[in-house]
Amino acid sequence: MPAKSKSQQKAAGAALSIKRGETPKSEAREPSKHMAESMSEAELERMASTKRKGKPEHVQRR
């Protein structure tokens, strides 16, 4: 699933870093921690690799 906003893409990149052991979990923010626990590495990879061009900074929740 591609990221819908720049913020979501950045959080996915941070979560991927946690998942791979490159960043300690204690240094990450809550959304990234939750994403690292609930998504597979492949899902995070797809979301983090989304192009940022044309994406809004944030998307309103419904």
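This is a guided tour of one protein, going from the whole chain to a few residues that you can select in turn.

**The whole chain**

Before selecting anything, keep in mind that the model on your screen is predicted. Display the chain as a cartoon and you should find three helices and zero strands, arranged along the sequence in the pattern α-α-α. If you switch to the C-alpha trace and look along the principal axes, the atoms of that trace fill a box of roughly 30 × 20 × 20 Å. For 62 residues, a compact globule would have a radius of gyration near 11 Å, and the protein, with 11 Å, agrees with that expectation.

Now turn on the surface, which comes to about 4700 Å² of accessible area, with 48% of it belonging to carbon and sulfur atoms. Of the 62 residues, 29% are buried. If you colour by charge, you will be looking at 15 positive and 8 negative side chains, and the centres of these two sets lie 9 Å apart. Among the contacts with a separation of 6 or more, 62% are between residues 24 or more positions apart, and several of the stops below let you look at contacts between distant parts of the sequence.

**First stop: Ser-5**

Select Ser-5, which sits in the segment before α1. Is Ser-5 buried or exposed? Its relative accessible area is 7%, and because buried means under 20%, Ser-5 counts as buried. Show its side chain and look for the backbone nitrogen of Gln-8, which lies 3.2 Å from a polar atom of that side chain. Then, setting aside residues up to four places away in sequence, display what Ser-5 touches: Lys-55, Pro-56, Glu-57, His-58 and Val-59.

**Second stop: Lys-55**

From that list, select Lys-55, which belongs to the segment after α3. Lys-55 is partly exposed, with a relative accessible area of 26%. The residues it touches, not counting those up to four places away in sequence, are Ala-3, Lys-4, Ser-5, Lys-6 and Thr-50. Where does the side chain of Lys-55 have a polar atom 3.1 Å from a backbone oxygen? The oxygen to look for is that of Ala-3. For a sense of distance, draw a line from the C-alpha atom of Lys-55 to that of Ala-14, which is 41 residues away in sequence and 18 Å away in space.

**Third stop: Thr-50**

Thr-50, one of the residues touched by Lys-55, is also in the segment after α3, the helix that covers 41-48. Thr-50 is buried, its relative accessible area being 13%. Its side chain reaches the backbone oxygen of Met-47 at 3.0 Å. When neighbours within four places in sequence are left aside, the contacts of Thr-50 are Pro-2, Ala-3, Gln-9 and Lys-55.

**Fourth stop: Ser-17**

Move next into helix α1 and select Ser-17, which is buried at a relative accessible area of 12%. Beyond its neighbours within four places in sequence, Ser-17 is in contact with Glu-22 and Thr-23. Its C-alpha atom is separated by 8.6 Å from that of Ala-36, although the two residues are 19 residues apart along the chain.

**Fifth stop: Lys-25 and Glu-37**

Finally, select Lys-25, in the loop between α1 (6-20) and α2 (30-38). At 38% relative accessibility, Lys-25 counts as partly exposed. Which residues does Lys-25 touch, not counting those up to four places away in sequence? They are Ile-18, Lys-33 and Glu-37. With Glu-37 there is also a polar contact between the two side chains, at 2.6 Å. The C-alpha atom of Lys-25 is separated by 14 Å from that of Ala-12, 13 residues away along the chain.

Add Glu-37 to the selection, and you will find this residue in helix α2. Glu-37 has 55% relative accessibility, and because exposed means over 50%, Glu-37 counts as exposed. To end the tour, draw a line from the C-alpha atom of Glu-37 to that of Ala-15, which is 22 residues away in sequence and 8.4 Å away in space.

Methods: Residues numbered from 1 in each chain as written. Predicted model: local features only at pLDDT ≥ 70, side-chain atom pairs only at ≥ 80, totals over all residues. Heavy atoms only, no water. Helix = DSSP H or I, 4+ residues; strand = E, 2+ residues; numbered from the N terminus. Buried < 20%, exposed > 50% of the residue type's maximum accessible area, 1.4 Å probe, protein only. Polar contact = N/O pair within 3.5 Å; in protein donor to acceptor, adjacent residues only side chain to side chain. Contact = heavy atoms within 4.5 Å. Rg over C-alpha atoms; globule rule 2.2 N^0.38 Å. Areas by Shrake-Rupley, 256 points an atom, 1.4 Å probe, with all protein chains shown as cover. Lys, Arg positive; Asp, Glu negative; His and termini not counted. Charge placed at Lys NZ, Arg CZ, Asp CG, Glu CD.
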